[in-house]
Amino acid sequence: MQFAGFSFHVGSQGATAEPYRAALRGTLELDTGSRETLGVPTRIIDIGGGFPVSYREPMPAIGAIADIVDEVLGDRRDEFVLLAEPGRFLAADSMTLLTSVVGSAVRDGRMWHYLDDGLLRQLLECDDRARASTDPGAA
């Protein structure tokens, strides 16, 4: 087996780009350690995904993350193949799903709304951060 590199994922929808700084600095420390103690260089660094998009609240721009990556890599940037996994960042603005509330119920003291979200139940696994507002006055 041949060692290729390191990967990390700082989480999804982070409100700041700073976790990328800490993770990349840690990765460079790992690279230095493996190079000095084992003679094994790092060829690839995968900075993961989770790049935030602004659904409702403002999020860091992709440029802020890029600036941190460029700053931390500095003169070493040409030593590595840099990979990223920008799925949500690329796809988030590609569509809007419009639904209607077709029913409501209180379960365990919480309000539930039933949506006509189609045959495939696209919203079945949404969490509170991504749920569409049912308040007609909300922006």
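**Notebook: buried acids, a helix pair and a core**

Entry 1, Asp31. I looked up the contacts of Asp31 and found Phe6, Pro41, Thr42, Arg76 and Phe80, leaving out residues up to four places away in sequence. The model is a predicted one. I placed Asp31 in helix H1. Is Asp31 buried or exposed? Its relative accessibility is 0%, so I logged Asp31 as buried.

Entry 2, the whole chain. I counted three helices and five strands. Going along the sequence, I wrote down the pattern β-α-β-α-β-α-β-β. The chain has 139 residues, and 22% of them count as buried. I then checked contacts with a separation of 6 or more. Of these, 66% join residues 24 or more positions apart.

Entry 3, H1 against H2. I took helix H1 as residues 18-38 and helix H2 as residues 62-73. Their axes come within 9 Å and cross at roughly 25°. Angles under 35 degrees count as roughly parallel. I therefore noted H1 and H2 as roughly parallel to each other. The crossing of H1 past H2 is right-handed. Which residues make the contact? From H1 I listed Glu18, Tyr20, Arg21, Leu24, Arg25 and Leu28. From H2 I listed Ile65, Ile68, Val69, Glu71, Val72 and Leu73. I sorted this contact by class and got eight nonpolar residues, four charged ones and no polar ones.

Entry 4, the core. The largest nonpolar core has 14 residues. Which of its members touch the most others? I found Leu24 and Ile45. H1 and H2 each supply at least two residues of this core. H2 gives the largest share, five residues. Leu24 also turned up in Entry 3, on the H1 side of the helix contact.

Entry 5, Ile45. I followed Ile45 further and set aside its neighbours within four places in sequence. Ile45 is in contact with Leu24, Thr27 and Leu28, among others. Its list also holds Phe6 and Phe8. I completed the list with Phe80, Val81, Leu82 and Leu83. Phe6 and Phe80 are among the contacts of Asp31 as well.

Entry 6, Asp46. I moved on to Asp46, which lies in strand S2, residues 44-46. Asp46 has 13% relative accessibility, so I logged this acid as buried too. What does Asp46 touch, not counting residues up to four places away in sequence? I found Phe6, Ser7 and Phe8, together with Leu83, Ala84 and Glu85. I also checked the spacing of Asp46 and Phe8. They are 38 residues apart in sequence, yet their C-alpha atoms are 6.4 Å apart in space. Phe6, Phe8 and Leu83 are on the contact list of Ile45 too.

Entry 7, positive phi. I looked for residues with a positive phi that are not glycine. Gln13 is one of them, with phi about 55°. Gln13 sits in the loop between strand S1 (5-7) and H1. At 13% relative accessibility, Gln13 counts as buried. Asp108 is another, with phi about 50°. I found Asp108 in the loop between strand S4 (101-107) and strand S5 (110-115). Is Asp108 buried or exposed? At 82% relative accessibility, I logged Asp108 as exposed.

Technical notes: Residues numbered from 1 in each chain as written. Predicted model: local features only at pLDDT ≥ 70, side-chain atom pairs only at ≥ 80, totals over all residues. Heavy atoms only, no water. Axes fitted to C-alpha atoms, helices over the stretch in contact; angles between N-to-C directions. Helix = DSSP H or I, 4+ residues; strand = E, 2+ residues; numbered from the N terminus. Parallel < 35°, antiparallel > 145°, perpendicular 65-115°, else oblique. Left-handed = near helix turned anticlockwise from the far one by under 90°. Contact = heavy atoms within 4.5 Å. Nonpolar A, V, L, I, M, F, W, Y, C, P; charged D, E, K, R; others polar. Core = buried A, V, L, I, M, F, W, Y, C linked by side-chain atoms within 4.5 Å. Buried < 20%, exposed > 50% of the residue type's maximum accessible area, 1.4 Å probe, protein only.
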